[in-house]
Amino acid sequence: MANTKQPDLKEPGPSDNQLADFKKSHKSEQLTTGYGRPLGDRSTVMTVGPRGPLLLSDFPYIEDVQRFDRERIPERVVHAKGGGAFGVFEATDDLSDICKAQVFKKGSKTRVLMRFSTVAGESGSADTVRDPRGFAIKMYTDEGIWDLVGNNTPIFFLRDPFLFQMFIHSQKRNPQTHLKDPNMVWDFFSKHPMATHQFMFLYSDRGVPDGFRHMHGYGSHTFKMVNDKNEFFWVKFHFRTDQGIKNLDPTKAKILAGEQPDYALADLYNAIAKKEYPSWTVYVQVVTQEQAKNLPFNPFDLTKVFSQKQFPLRRVGKITLNENAENYFAQIEQAAFSPAHMPPGIEASPDKMLQGRLFSYADTHLHRVGTNHHLIPVNNPETNKNVKVCTYQRDGAMQAGHNHGGAPNYYRNTFNGPDVTDRNRHLEHATFESGMAARHEASDDDNYSQPRVFYRNVLDDRGRSHMIDNIAEHLQQCTDQDIVRRSVAVFANVDDDLGRRLAEKLKIEVLNKV
């Protein structure tokens, strides 16, 4: 007998009434072209007679179709599907002993933009797939833009940026079939055991968060903080949701992917519209240089975490989102985040993945949004009225600002062009690095100790069972059984019990550990 049960209809929220609300607060105005000429008609093209050909002189039509053909900018290669909102960061605790950045001055408030996203899917993909979530924060500080571009996971799949492009290819579409291919996903994993920690996190319950409001965020990388005494410390950033962690049951997530693919976007928009403002408490873990030297692993390895028992969380402040974007394209799609944007007092560590991102993120926005993307209001540091951009950079496509007027365009000069006024405060912290310039192999830098702690001590019995079920379900979709066996052998290095239980579910024998 056919199933006649109707799917549950979602309860209407503010997002469903957005146009009705607009109508209540706006009066219709005179329609114009993009250049401001009032229009007398917008429904018919100009033709030679009622049935004749179109005229090239019909500029209102020509302008309209030209603009329509160019409405889209290239979507992000990763993190293409996402949503975001504006809000405020309040520094609630004193951090001056480790960081001189003014954004952390106790009691100060800074405007922020946060963008959440999935990683592998395209712009129209579903919000409820099993995938890491991007957790990007743009702060409009008194010392310029600070972009902290993280994820909802404290670790990542890789520790070397040369592998990043290959990893993303494995998560995208098969180059011939144009289909998602589990063989690609697990073949890459089985040949790169450094990804084990992140894969286990991804296939745990937290791999499918319930929207954007109910997940933690992490800077993931190790960063450097410098104080007014020029002392430095290594830190990791944590953003703990004040709404509590909530994850979706995998079966419900699959249903939502078909029926409400924009589930997370709607949830965030509606919560803010109803004044149920989501917030995250901000913490740092602080590690001295001496402590970093004595760690049993590379402190700049993105596949590793710092123990919270050894390095407890120190509260910094709170981020609250209280303002939806007025226009998604202008303020969210065009938002350009780059981890290279840091105010004085916050700097990059030697983390290879971070070093690679310092270039790649800024570079992609030059292609995706344009040379002068920093002039778009959502990216403009002068959104903060205490900031004035004074640079010798000039011109370029879509130069929509003052282009620095008649100021000298070369440095140094004797005509009162911009100059350094506080070298000691703004100069980057000096670092000493020496070593052999070479391609240093690090693929075997203890890929299993921390995943073992995650499996045995972080997950409970229920969490372990769920993770094993989720991994087995996806591995079953591989048609290459050698890939399945190699993947299980990698997990067996984490824990014999994990390897055995996966092998039983997949009805294979465990290979020798790799």
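1. Arginine 357 sits in helix H10, which spans residues 352–368. This is a predicted model. In it, arginine 357 is buried but makes no salt bridge. The nearest side chain of opposite charge belongs to aspartate 351, 7.5 Å away. A salt bridge would need the side-chain nitrogen within 4 Å of a carboxyl oxygen.

2. What does arginine 357 touch, leaving aside neighbours within four places in sequence? Its contacts are Val149, His221 and Pro339.

3. Two other positive side chains are placed over aromatic rings. Lysine 236 lies over the face of phenylalanine 306, 5.0 Å from the ring centre. Arginine 464 lies over the face of tyrosine 455, at 5.8 Å from the ring centre.

4. Now the aromatic pairs. The whole structure holds 29 of them. One of these joins phenylalanine 189 and phenylalanine 491. The pair is stacked, with 4.9 Å centre to centre and 25° between the planes. Planes under 30 degrees apart count as stacked, which is why the term applies.

5. Which parts of the chain does this pair link? Phenylalanine 189 belongs to helix H4 (residues 182–191). Phenylalanine 491 belongs to helix H14 (residues 481–494). The two residues are 302 residues apart, so the pair links distant parts of the chain.

6. Are these two rings' residues buried or exposed? Phenylalanine 189 is buried, because its relative accessible area is 0%. Phenylalanine 491 is also buried, with a relative accessible area of 0%.

7. Phenylalanine 189 and phenylalanine 491 also belong to a cluster linked by ring pairs. Its other members are Phe156, Phe157, Phe164, Phe167, Trp186, Phe188, Phe199 and Tyr203.

Technical notes: Residues are numbered from 1 along each chain as its sequence is written. This is a predicted model: local features need pLDDT of at least 70, side-chain atom pairs count only at pLDDT 80 or more; totals for chains, interfaces and linings use all residues. Side-chain values use heavy atoms; hydrogens and water are left out. Rings of Phe, Tyr and Trp (its six-membered ring) pair if their centres lie within 6.5 Å; planes under 30 degrees apart count as stacked, over 60 as edge-to-face and the rest as tilted. Helices (H or I, at least four residues) and strands (E, at least two) are DSSP runs, numbered from the N terminus. Buried means under 20% relative accessible area, exposed over 50%, partly exposed in between (1.4 Å probe, protein chains only). A charge sits over a ring if NZ of Lys or CZ of Arg is within 6 Å of the ring centre and within 35 degrees of the ring normal. Lys and Arg count as positive and Asp and Glu as negative; His and the chain ends are not counted. Contact means heavy atoms within 4.5 Å.
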